[in-house]
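I opened the model to look up how its parts pack together. The entries below follow the order in which I checked things.

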Amino acid sequence: NQGRWEEAEKLEVQVMETSKTKLGADHPDTLNSMANLALTWKQLGRHHDALNLMQQSVEGHNRVLGPDHPHTTSYQSWLTEWLPEGGTEMACAGT
């Protein structure tokens with residue numbers, strides 16, 4: 001971590017969009033790039049955007065790789081950690 005989150009964000013958006021175009025929205029590499037961007041957005045304080053994108057990534061991983069795949073469980077644990085107590089609703093007001 002060199003604190004270059006804005007630069008990372010630009011590159012990760014580009015990777016995600018290119019992956020969606022070239023590989024498809026449900027390709028594992030696209031889903032991983034979504035999770036990476038969500039992690040960066042979280043660091044940048046874009047909590048609501050990060051939660052929404054990580055949720056999409058987790059849902060895609062569940063569909064494509066299944067709930068027991070290491071990527072699915074890893075990203076699900078991040079998502080659960082970010083959610084308010086109870087882990088069922090995304091409370092993003094004021095973030």
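**Entry 1: Thr-72**

I began with the contacts of Thr-72, which touches His-61, Asn-62, Leu-65, Gly-66 and Pro-67 when residues up to four places away in sequence are not counted. The model is a predicted one. I found Thr-72 in helix 4. Its relative accessible area came out at 2%, and under 20% counts as buried, so Thr-72 is buried.

**Entry 2: His-61**

One of the partners of Thr-72 is His-61, so I turned there next. His-61 lies in helix 3. Is His-61 buried or exposed? The relative accessibility of His-61 is 0%, and therefore I noted it as buried. Apart from residues up to four places away in sequence, His-61 touches Pro-28, Leu-31, Asn-32, Gly-66, His-71, Thr-72 and Tyr-75.

**Entry 3: The chain as a whole**

I then stepped back to the fold. I counted four helices and zero strands in the protein chain, and from the N terminus the elements read α-α-α-α. The protein chain has 95 residues, of which 29% count as buried. Among contacts with a separation of 6 or more, 53% are between residues 24 or more positions apart.

**Entry 4: Helix 2 against helix 3**

I looked up the angle between helix 2 and helix 3 and got about 155°, with the axes 8 Å apart. Angles over 145 degrees count as roughly antiparallel, so helix 2 and helix 3 are roughly antiparallel to each other. Their crossing is left-handed. On the helix 2 side, I listed Pro-28, Leu-31, Asn-32, Met-34, Ala-35, Leu-37, Ala-38, Leu-39, Trp-41 and Lys-42. On the helix 3 side, the contact is made by His-47, Asp-49, Ala-50, Leu-53, Met-54, Gln-56, Ser-57, Gly-60, His-61 and Val-64. The residues of this contact divide into twelve nonpolar, six polar and two charged.

**Entry 5: Helix 2 against helix 4**

I repeated the check for helix 2 (residues 28-43) and helix 4 (residues 70-82). Their axes come within 12 Å and cross at roughly 25°. Angles under 35 degrees count as roughly parallel, and helix 2 and helix 4 are therefore roughly parallel to each other. Helix 2 passes helix 4 in a left-handed crossing. Which residues of the two helices meet? From helix 2 I noted Asn-32, Ala-35, Asn-36, Ala-38, Leu-39 and Lys-42, and from helix 4 His-71, Tyr-75, Trp-78 and Trp-82. I sorted the residues of this contact into six nonpolar, three polar and one charged.

**Entry 6: The nonpolar core**

In soluble globular proteins, nonpolar side chains tend to be buried together. I looked for such a cluster here. The largest nonpolar core has 16 residues, and Leu-53, Met-54, Leu-79 and Trp-82 have the most contacts inside it. Helix 2, helix 3 (47-64) and helix 4 are the elements that give two or more residues to this core. The largest share, six residues, comes from helix 2.

I followed Trp-82 further. Neighbours within four places in sequence aside, Trp-82 is in contact with Ala-38, Leu-39, Lys-42, Ala-50, Leu-51 and Met-54. Of these, Ala-38, Leu-39 and Lys-42 are among the helix 2 residues that I had listed in Entry 5.

**Entry 7: Thr-30**

I checked Thr-30, which lies in helix 2. Its relative accessibility is 0%, so Thr-30 counts as buried. Where does the chain come back to it? The C-alpha atoms of Thr-30 and Ser-19 are 5.1 Å apart, with the two positions eleven residues apart along the chain as the separation. Leaving out residues up to four places away in sequence, I found Thr-30 touching Met-16, Ser-19, Lys-20, Leu-23, Gly-24 and Ala-25.

**Entry 8: Leu-44**

Last, I looked at a loop position. Leu-44 lies in the loop between helix 2 and helix 3. With a relative accessible area of 26%, Leu-44 is partly exposed. I noted 6.8 Å from C-alpha to C-alpha between Leu-44 and Trp-5, which are 39 residues apart in sequence. With neighbours within four places in sequence left aside, the contacts of Leu-44 are Trp-5, Glu-6 and Glu-9.

Definitions and conventions. Residues numbered from 1 in each chain as written. Predicted model: local features only at pLDDT ≥ 70, side-chain atom pairs only at ≥ 80, totals over all residues. Heavy atoms only, no water. Axes fitted to C-alpha atoms, helices over the stretch in contact; angles between N-to-C directions. Parallel < 35°, antiparallel > 145°, perpendicular 65-115°, else oblique. Left-handed = near helix turned anticlockwise from the far one by under 90°. Contact = heavy atoms within 4.5 Å. Nonpolar A, V, L, I, M, F, W, Y, C, P; charged D, E, K, R; others polar. Core = buried A, V, L, I, M, F, W, Y, C linked by side-chain atoms within 4.5 Å. Buried < 20%, exposed > 50% of the residue type's maximum accessible area, 1.4 Å probe, protein only.
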